Amino acid sequence: MIELACVIKDLREELNRAIAAADGEALRFELGPIELELSVALEQSAHAQGRVRFWVVDAGADAGVGKTSTQRISLTLQPTLAGSSRPVAISGTAEPNER
């Protein structure tokens with residue numbers, strides 16, 4: 001399992017690479033809302049803070065999580081560039097198994 005924050009961080013890094021790849025390209029794509037649907041395991045800490053953590057579960061691992069509660073969540077993210085009101089443009093070549 002991986003923390004939800006890490007999934008979003010990795011997505012941000014991938015988008016930053018795509019933006020950098022667009023530099024100097026004639027064909028660019030405007031980045032619109034990003035929809036993620038994830039299976040997450042909820043874990044509440046027994047410590048004083050009582051913090052709840054969200055762990056993203058591998059698609060085939062739902063049954064193996066044990067006593068941790070799993071839920072499906074959908075997130076819609078609207079990417080923006082800091083300090084800019086212009087739409088974000090991306091480009092780049094697809095990696096193997098990417099759509």
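User: What percentage of the 99 residues of the protein count as buried?

Analyst: Keep in mind that this is a predicted model. A residue needs to be under 20% relative accessible area to go in the buried bin. Out of 99 residues, the share that does so is 20%.

User: How many helices and strands does the secondary structure of the protein come to?

Analyst: Walking from the N terminus, the elements go β-α-β-β-β-β-β. Tallied up, that gives one helix and six strands.

User: Of the contacts with a separation of 6 or more, what part comes from residues 24 or more positions apart?

Analyst: A contact here means heavy atoms within 4.5 Å. Take the contacts in the protein with a separation of 6 or more, then keep the ones between residues 24 or more positions apart. That part is 72%.

User: How much of the accessible surface belongs to carbon and sulfur atoms?

Analyst: The protein's accessible surface adds up to about 7700 Å². The portion that carbon and sulfur atoms hold is 51%.

User: How many salt bridges does a search of the whole structure find?

Analyst: Side chains of opposite charge can pair when their charged atoms come close. The cut-off is a Lys or Arg side-chain nitrogen within 4 Å of a carboxyl oxygen of Asp or Glu. K9 with E13 passes at 2.8 Å, R17 with E14 at 2.3 Å, and R72 with E37 at 2.8 Å. The search of the whole structure gives three.

User: Why are K9 and E13 separated by about one helical turn, and which helix holds them?

Analyst: Their side chains meet in a salt bridge, 2.8 Å from N to O. K9 and E13 are about one helical turn apart because they sit four residues from each other in a helix spanning residues 4–22, namely α1.

User: Are K9 and E13 buried, partly exposed or exposed?

Analyst: The middle bin lies between the under 20% and over 50% limits. K9 has a relative accessible area of 42%, and E13 has 33%. So by those limits, K9 and E13 are both partly exposed.

User: How many residues apart are R17 and E14 in helix α1?

Analyst: This pair also makes a salt bridge, with N to O at 2.3 Å. R17 is partly exposed at 48%, and E14 is partly exposed at 40%. About one helical turn separates R17 and E14 in α1, because their spacing in residues is three.

User: Which strands hold R72 and E37?

Analyst: R72 and E37 form a salt bridge whose closest N and O atoms are 2.8 Å apart. The pair links distant parts of the chain, 35 residues apart. Both residues are exposed. R72 belongs to residues 69–77 and E37 to residues 34–44, that is, strands β5 and β3.

User: Which residue in β4 is the bridge partner of E3?

Analyst: Strand β1 (residues 2–3) runs antiparallel to β4 (residues 52–56), and two bridges join them. Within β4, the partner of E3 is W55.

User: Which residue in β4 does E43 stand opposite?

Analyst: β3 and β4 run antiparallel and are joined by five bridges. In β4, the residue facing E43 is R53.

User: Which element gives the most to the lining of the second largest pocket?

Analyst: This pocket holds about 260 Å³ of space. Its lining has 14 residues, with L11, R12, L15, P79 and T80 nearest the centre. The top contributor supplies six residues, and that element is α1.

Technical notes:
Residues numbered from 1 in each chain as written. Predicted model: local features only at pLDDT ≥ 70, side-chain atom pairs only at ≥ 80, totals over all residues. Heavy atoms only, no water. Buried < 20%, exposed > 50% of the residue type's maximum accessible area, 1.4 Å probe, protein only. Areas by Shrake-Rupley, 256 points an atom, 1.4 Å probe, with all protein chains shown as cover. Pairing = 2+ DSSP bridges. 1 Å grid on protein atoms, 1.4 Å probe; cavity = no way out; pocket = protein on both sides within 12 Å on 5 of 7 lines; lining within 4 Å. Points joined across faces, edges and corners; volume = space filled by probe spheres on them.
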